[in-house]
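Biologist: I should like to learn how to read the overall form of a chain, its helices and its contacts. May we work through an example together?

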Amino acid sequence: METFSFNDGFLALCLFLAVVLPLVSCVLSFLTSDRYSWLIILNAPFLLMLATVFATIVTVSCWNSGGGIIELPWLTLSEAEISANIFVSQTSLLMMVVVLTVSFLVHVYSVGYMAGDANPRKYFGVLGLFTFAMLGIVLSDNLLVLFVFWELVGFSSYLLIGHWDEKPEAGNAATKAFLYNRIGDSAFLIGIMILWSGTGTLEISALRHQTFSWQTAAALCIFGGVIGKSAQFPLFTWLADAMEGPTPVSALIHAATMVAAGVYLLIRLHPVFTDTALMIVSIVGAITALSGSISALVQFDIKKVLAYSTISQLGLMIVTIGASGPQAAFLHLFTHAFFKACLFLSAGSVIHTLHQAHRRDHHHFDVQDLRNLGGLRKKLPVTFLTFVISGASLAGIPFFSGFLSKEAMYASALLNKDSFSILIFFALAAVSFVTVLYSFRLIWFIFFGDERSGGGTNLKESPVIMRVPMILLALCSTWPIVSLNPVGFSGWIAGEIAHPWWLTIFSVTWVGVALATAFFLFRKSPVASNAFVANGYGLDTAYRFLFRSSVDKLASIAEVTDRKVIDAVIHASAYGHVTLAHIIAWLDKFLVDGLVHVFSGTIRWIGSVARSYQSGKIQDYILYAILALIIFLIWLL
Amino acid sequence: MQNILSFLILIPLLGSLAALLIRPTQTSLFRWLALIAVTLQLILFIVLVSNYEAGGGFQFVEQRSWISLDLGSWGTLKADYFLGVDGMSLPLIGLAIFVMLIACISSWNGVTNPKGYFSLYLLLNAAVVGSFAALDFLLFYVFFEFMLLPMFFLIGIWGGSRREYASIKFFLYTLLGSILILIVMIGLYLSVNDPSGSGGLVHTFNMLHMSDPSNYISNTILDPNNIVTLGPFSARSWAFLFLFFGFAIKLPMVPLHTWLPDAHVEASTPVSVILAALLLKIGAYGMLRIAYPIFPEAALDFSVMVAVFAVISILYGALTAMASKDLKRMIAYSSVSHMGFVLLGLASGTTEGVTGAVYQMVSHGILSAMLFIIAGVLYDRTGDRLIRNYSGLAGKMPYFFAMVLIAFFASMGMPAFSGFIGELMIFLGAFKSNAHNGLIHESLAIIATLGLIFGAAYFLWAIQRMFFGTYDVKGNARNSILPDLNNREILMLFPLAVVTFIFGVYPQPLLDLINPFATDFVNHLLYQGRILSPHL
């Protein structure tokens with residue numbers, strides 16, 4: 001890939017600032033002392049706004065320049081170089097703008113939503129870090145550098161999900177999110193190892209043109225990372241739990257950062273994937289899309305409906321990438337970012353207003369439970385409107401952006417006319433149908449019907465600072481964001497994808513049928529929940545049974561081995577040595593010393609015998625002399 | 001300038017002697033003495049680094065005749081005072097001085113009998129720096145043994161309730177390793193000739209001569225051209241195994257690691273810091289400097305064994321850490337797991353792997369220092385180390401929580417911190433090994449990635465139990481108040497955090513030091529190893 005250079009130094013500066021300002025916001029937030037923490041709520045959104053403006057300038061000016069690589073060295077080993085090249089293309093620039101826009105709006109919204117939070121420094125600081133990390137993923141061309149930011153996204157999401165640290169569930173959810181991501185990331189790391197060993201390079205722009213051994217394995221390992229980050233089957237349950245974090249964080253995680261990262265990586269790395277790998281990718285995506293949408297249908301918690309809806313929409317994107325290519329998937333990633341952010345912010349607005357009402361009335365119920373809500377359309381007109389617009393976009397109703405991107409996905413599924421593609425097309429259609437059902441159910445039970453909760457008398461619409469981001473995002477959920485033609489998806493983002501003439505008619509009819517079904521199904525009551533489907537198909541229980549308990553068991557076996565086996569051997573040998581030493585000491589005392597005593601005793605006895613003759617009496621000596629003389633005489637004779 | 005390494009060793013040694021001359025009643029003088037000594041060392045080290053030229057080979061070499069004995073027909077016994085640094089020992093000496101400085105600050109208050117404590121601390125300091133600088137085997141061995149003595153007393157006198165058990169266990173374990181090393185040292189001494197010696201036979205302890213196969217005296221026991229077989233292996237293989245296991249005790253490698261958790265749990269915070277950050281590195285250093293270069297063919301032969309032990313250490317250490325109820329014990333076992341990565345990088349025999357191994361040594365030195373100080377912060381306040389006795393500390397001690405987050409996430413290999421760079425390179429090297437030099441199979445690297453998941457699991461669970469939820473302390477901690485970090489603790493933790501961050505974001509300067517060493521090391525290992533090996 002050719003190198004890219006800006007024809008204007010100002011543009012390079014803009015790109016630099018767009019990436020770095022969120023990090024500056026992070027650092028400033030942490031440096032500001034507690035006393036001036038009110039400064040942060042001005043400062044952080046302002047820096048993000050600047051970053052968004054700069055990113056837009058770069059994107060607009062470089063839109064038609066063809067793109068390329070900006071070279072940036074990072075580290076050199078003797079044989080190889082790992083660069084931190086920046087990848088500039090329409091895809092990456094557009095993604096950067098989307099990330100920054102959504103993040104900026106979330107920042108603004110958070111000023112209202114998080115007012116009165118105990119720790120705004122940490123909140124806005126990590127939000128800035130989160131945005132920065134996502135920009136790193138979007139712009140880096142080196143898989144290793146991308147992995148660095150990938151992990152950084154995981155870390156900041158950990159902090160954000162666990163922001164309310166007094167809530168034990170928040171800590172649980174944060175740990176779970178990070179661990180599940182870690183499992184995917186280890187696979188990703190193995191993929192990186194295979195690529196490094198096979199090709200000696202980790203630059204995506206160079207990898208796109210290579211074939212190497214173990215390519216399918218490498219692709220699937222990297223897809224393992226995507227499964228973790230983008231919450232695909234079978235690791236998707238962390239995303240539903242991650243709802244314990246503040247709602248604006250959920251909006252950011254679900255729309256533009258974190259889960260979008262996996263899909264984006266898949267789009268970038270698509271040429272590396274072999275046919276077999278792509279087939280597995282689309283199968284996993286299809287399973288996720290179907291199971292996620294069905295699970296969304298039976299949830300009662302507003303945020304959980306939205307979480308499972310994200311899982312299923314991400315599944316759709318991944319099916320599309322696997323089955324036919326990245327273009328349509330990217331379009332859906334783009335539209336999804338706006339309408340899903342809008343949905344979450346609107347849901348947050350509902351939760352926020354009800355919480356405020358609670359605080360005034362001292363009346364408590366679970367405000368996130370659909371069964372407690374209803375009839376809010378009169379009291380929260382703006383929220384109602386933005387919710388309906390973004391919900392319509394999610395459901396794929398004509399004149400909304402979601403309709404167009406879904407149409408693009410249908411079209412690309414029909415591109416290859418083999419039986420597998422037809423199967424994928426049916427899966428897409430089925431998921432779209434269920435999407436309409438749960439979107440309708442969600443809106444119907446929040447805003448229509450009778451008010452089921454008490455205490456709604458003095459409900460007030462959220463403050464302006466929350467309403468404006470919602471309205472802007474709602475505007476971005478309509479068709480002109482994709483193309484000026486409300487029924488043609490080929491606009492300034494996606495090119496034309498050949499598709500049969502009946503496709504538009506089909507999708508409009510299909511949505512109509514789905515809406516009618518939804519109306520008759522949910523007019524009276526939300527269908528009874530199914531615990532198995534609602535709790536992520538028992539996957540968590542299965543993991544707890546299969547892995548958690550077995551790892552725990554292994555851990556305690558290792559711990560016991562340490563104490564009872566290794567240390568026991570050492571203690572035994574120590575006792576053995578001490579015992580041996582005692583035996584030797586005994587032998588020393590009784591055997592060696594005994595012999596010595598016997599020997600010396602003998603000598604002493606001989607000595608004492610000899611001494612007894614030395615009596616010192618002259619008579620004895622004369623006697624001995626005479627005796628000797630007699631013996632001598634006898635011997636002589 | 002030329003004697004700068006000698007000064008690095010002499011300063012703490014003289015400090016230690018000076019401490020003996022000061023009256024024990026002047027308690028605050030000892031810590032100032034120690035601080036001044038380490039600060040001087042730090043200044044000298046900065047001079048050393050700024051005069052070091054990146055590239056292979058040894059620099060700042062000092063060689064003086066130390067022992068020279070004429071043994072008649074046996075030749076001459078020769079041991080030199082021989083010092084020098086290369087791209088591996090320079091970062092480790094820097095680490096040693098930095099960690100010693102942190103340990104000095106950590107023992108600033110509340111040490112009983114400071115005279116004994118600080119003189120032993122300075123003696124230990126000299127021995128550690130000396131071990132990293134010595135190029136003569138005998139000299140290295142002297143420094144190596146001299147670490148044992150101060151450490152034994154530092155654990156045994158200033159330790160916790162089971163300190164006697166722990167210190168004796170530590171002493172006996174490491175002494176066993178020393179004996180294995182001593183046997184090989186004598187064998188090498190008998191087999192190696194100094195080529196610079198004029199005519200006659202000169203037995204030498206010079207490590208550089210030992211790693212050149214042409215210096216071996218023919219028909220000696222370790223002569224590579226004269227393969228003496230003892231039982232299943234050749235004498236040189238036995239020698240490698242002796243050295244390997246001797247140093248593996250220090251590393252420590254599973255199953256020779258059980259001295260470590262006991263020593264750590266009983267030792268006071270600064271002693272734990274030195275133990276984990278520095279003494280464990282000597283084990284790996286010995287393998288890199290002695291076992292591998294001197295016996296390259298045996299090293300290649302046993303690389304699968306080494307790698308398997310490495311993977312076992314990684315996983316076993318992580319699993320035991322997961323089952324630990326005591327925070328300090330958990331951290332101690334995490335050291336076992338992290339040092340396993342060093343072994344894996346070494347076994348891979350690739351430039352990436354060896355560079356990563358040395359990088360990981362430096363990184364683990366910094367991170368383990370941080371982790372043990374963190375454990376010490378809590379223990380100082382409450383006298384309780386059990387994880388389950390704490391909850392909800394995040395709101396109560398926000399600065400402490402921030403430091404814990406940095407240390408724990410950096411330890412689990414989070415990018416932007418030094419641990420990631422080391423582990424990543426080790427993984428790249430270990431995976432590449434099979435295709436590149438055929439030493440170890442890819443599956444070992446893949447299994448080792450499980451260690452990353454387990455590592456994340458035990459650190460995250462510890463955070464979740466201790467820092468999330470509502471504030472509550474039980475057990476011994478029941479009646480304690482928990483103030484946030486004080487200035488002295490920030491002074492220790494903050495520089496460590498900054499250093500691990502710098503090495504994680506901008507690793508190039510450190511890599512420029514290590515990489516030439518690693519290239520030479522791998523070339524020597526593969527080239528000589530293949531020549532000498534009978535069946536490769």
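Modeller: The turns below take up chain A, then a helix of chain B, then the contact between the two chains. Please bear in mind that this is a predicted model.

Biologist: What is the secondary structure of chain A?

Modeller: Chain A comes to 22 helices and four strands.

Biologist: What radius of gyration does chain A have, and what would a compact globule of 637 residues have?

Modeller: A compact globule of 637 residues would have a radius near 26 Å, but chain A has 39 Å. Along its principal axes, the C-alpha trace of chain A spans about 160 × 65 × 55 Å. Of the 637 residues, 52% count as buried. Among contacts in chain A with a separation of 6 or more, 81% join residues 24 or more positions apart.

Biologist: How does one check the span of helix H8 of chain B?

Modeller: One allows 1.5 Å a residue, so the 16 residues of H8(B), residues 235-250, should span 22 Å; the end C-alpha atoms are 23 Å apart, which agrees.

Biologist: Is H8(B) largely enclosed or open?

Modeller: A residue is buried if 20 or more other C-beta atoms lie within 10 Å of its own. In H8(B), 14 of the 16 residues are buried, so this helix is largely enclosed by the rest of the structure.

Biologist: How many residues does the contact take from each chain?

Modeller: The contact takes 42 residues from chain B and 37 residues from chain A. On the side of chain B that touches chain A, H18(B) gives the most, with eleven residues. By class, that side of chain B has 26 nonpolar, 14 polar and two charged residues.

Conventions: Residues are numbered from 1 along each chain as its sequence is written. Chains are lettered from A and ligands numbered from 1 in the order in which they are written. This is a predicted model: local features need pLDDT of at least 70, side-chain atom pairs count only at pLDDT 80 or more; totals for chains, interfaces and linings use all residues. Two residues are in contact if their C-beta atoms, placed from the backbone, lie within 7 Å. Ala, Val, Leu, Ile, Met, Phe, Trp, Tyr, Cys and Pro count as nonpolar, Asp, Glu, Lys and Arg as charged, and the others, Gly among them, as polar. The expected span of a helix is 1.5 Å times one less than its number of residues. A residue is buried if 20 or more other C-beta atoms lie within 10 Å of its own, exposed if 12 or fewer, and partly exposed in between; C-beta atoms are placed from the backbone. The radius of gyration is taken over C-alpha atoms; the globule rule is 2.2 Å times the number of residues to the power 0.38.
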